[in-house]
Amino acid sequence: MTTDSTTIRTTSSTRPKIAGGPSPEKPFPIKMSGTVIKGFGRGSKDLGIPTANLPEDAMETQEQHMVTGIYYGWAQVVVKNKPDCTSTTTDKSTEEATETETVESDSSSTSSLATHCPATVYPMVMSLGWNPFYKNEKKSAEVHIMHNFHRDFYGDELRVVVLGYIRPELDYTTLEALIEDINIDIEVAHRSLERPDYSIFKEDPIFLQL
């Protein structure tokens with residue numbers, strides 16, 4: 001089940017600051033995982049919002065449950081060659097996933113890359129679809145993890161628990177309008193995930209695997 005949007009947005013209108021009801025509703029939660037693959041390389045370069053791309057087989061397993069659009073939930077990156085884990089604190093920071101460039105944030109983590117304990121779980125937004133602004137010819141699942149990482153994740157394992165739907169894919173008349181909407185998506189995700197019935201999914205069994 002897919003939906004392709006032909007709507008063109010010039011600038012972001014007033015949008016709700018929370019998406020979804022008090023608790024996740026069917027088909028959520030949706031769990032996806034896979035090895036991070038190379039994407040289009042635009043997250044850091046064009047948008048200043050790095051993303052990590054899930055492989056096609058991860059999308060295919062859940063495609064029947066998901067329309068194209070913007071989703072939110074929790075994400076974890078598991079790197080197999082990090083020797084140990086340390087405690088960390090997190091804040092409302094933006095992150096780097098598949099790109100070597102980073103965006104400004106308030107915190108960084110080494111436990112995100114741990115192998116001897118469960119890696120840190122962070123809020124995320126995910127774009128699933130064709131990205132009409134860039135006229136993609138290939139469907140993609142691009143995950144923006146809200147944390148500042150100082151390395152890329154190509155070849156590492158990405159796990160996500162999707163808990164809600166924010167909006168459909170849109171086309172835009174300017175790059176600035178696209179970036180504005182993405183930043184609102186990030187704000188919506190943060191606020192939505194603060195609710196107790198959403199925050200508990202940080203402890204989902206998929207994130208406890210080593």
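What follows is a working chat about a predicted model.

Biologist: Where should I start, maybe with strand E5: is it buried or exposed?

Modeller: This is a predicted model, and in it nine of the nine residues of strand E5, which covers residues 121–129, are buried, so the strand is largely enclosed by the rest of the structure.

Biologist: And which strands does E5 pair with?

Modeller: Strand E4, residues 69–78, pairs with E5 in the antiparallel sense over eight bridges, and strand E6, residues 140–145, also runs antiparallel to E5 and is joined to it by six bridges.

Biologist: Can you give me residues to look for, say the bridge partner of tyrosine 71 in E5?

Modeller: The partner of tyrosine 71 in E5 is methionine 126, while leucine 128 has alanine 141 as its bridge partner in E6.

Biologist: Changing topic, how many residues are in the largest nonpolar core?

Modeller: That core has 27 residues, and the ones with the most contacts inside it are Tyr72, Trp74, Val125, Leu163 and Ile166. At least two residues each are supplied by E4, E5, strand E7 (157–167), helix H3 (175–193) and helix H5 (205–208).

Biologist: Which element gives the largest share of this core?

Modeller: The largest share comes from H3, which contributes nine residues. Apart from this core lies another one, of 26 residues, and Met66, Val67, Tyr122 and Met124 are among them.

Biologist: What about empty space, how many cavities of 30 Å³ or more does the structure hold?

Modeller: There are two cavities of that size in the structure, and the second largest cavity has about 40 Å³ of space in it.

Biologist: Which residues line that second largest cavity?

Modeller: Its lining is made up of Met32, Met59, Gln62, Glu63, Met66, Leu128 and Lys139, and by character these lining residues divide into four nonpolar, one polar and two charged. Two of these names have come up before, since Leu128 was given above with its bridge partner alanine 141 in E6, and Met66 was listed in the core of 26 residues.

Biologist: One last thing, where is aspartate 171 found, and why does it count as buried?

Modeller: Aspartate 171 is found in strand E8, residues 171–172, and it counts as buried because its relative accessibility is 12%, where the cut-off for buried is under 20%. Aspartate 171 also lies 7.6 Å from asparagine 131, C-alpha to C-alpha, although the two residues are 40 residues apart in sequence.

Notes:
Residues numbered from 1 in each chain as written. Predicted model: local features only at pLDDT ≥ 70, side-chain atom pairs only at ≥ 80, totals over all residues. Heavy atoms only, no water. Buried < 20%, exposed > 50% of the residue type's maximum accessible area, 1.4 Å probe, protein only. Helix = DSSP H or I, 4+ residues; strand = E, 2+ residues; numbered from the N terminus. Pairing = 2+ DSSP bridges. Core = buried A, V, L, I, M, F, W, Y, C linked by side-chain atoms within 4.5 Å. 1 Å grid on protein atoms, 1.4 Å probe; cavity = no way out; pocket = protein on both sides within 12 Å on 5 of 7 lines; lining within 4 Å. Points joined across faces, edges and corners; volume = space filled by probe spheres on them. Nonpolar A, V, L, I, M, F, W, Y, C, P; charged D, E, K, R; others polar.
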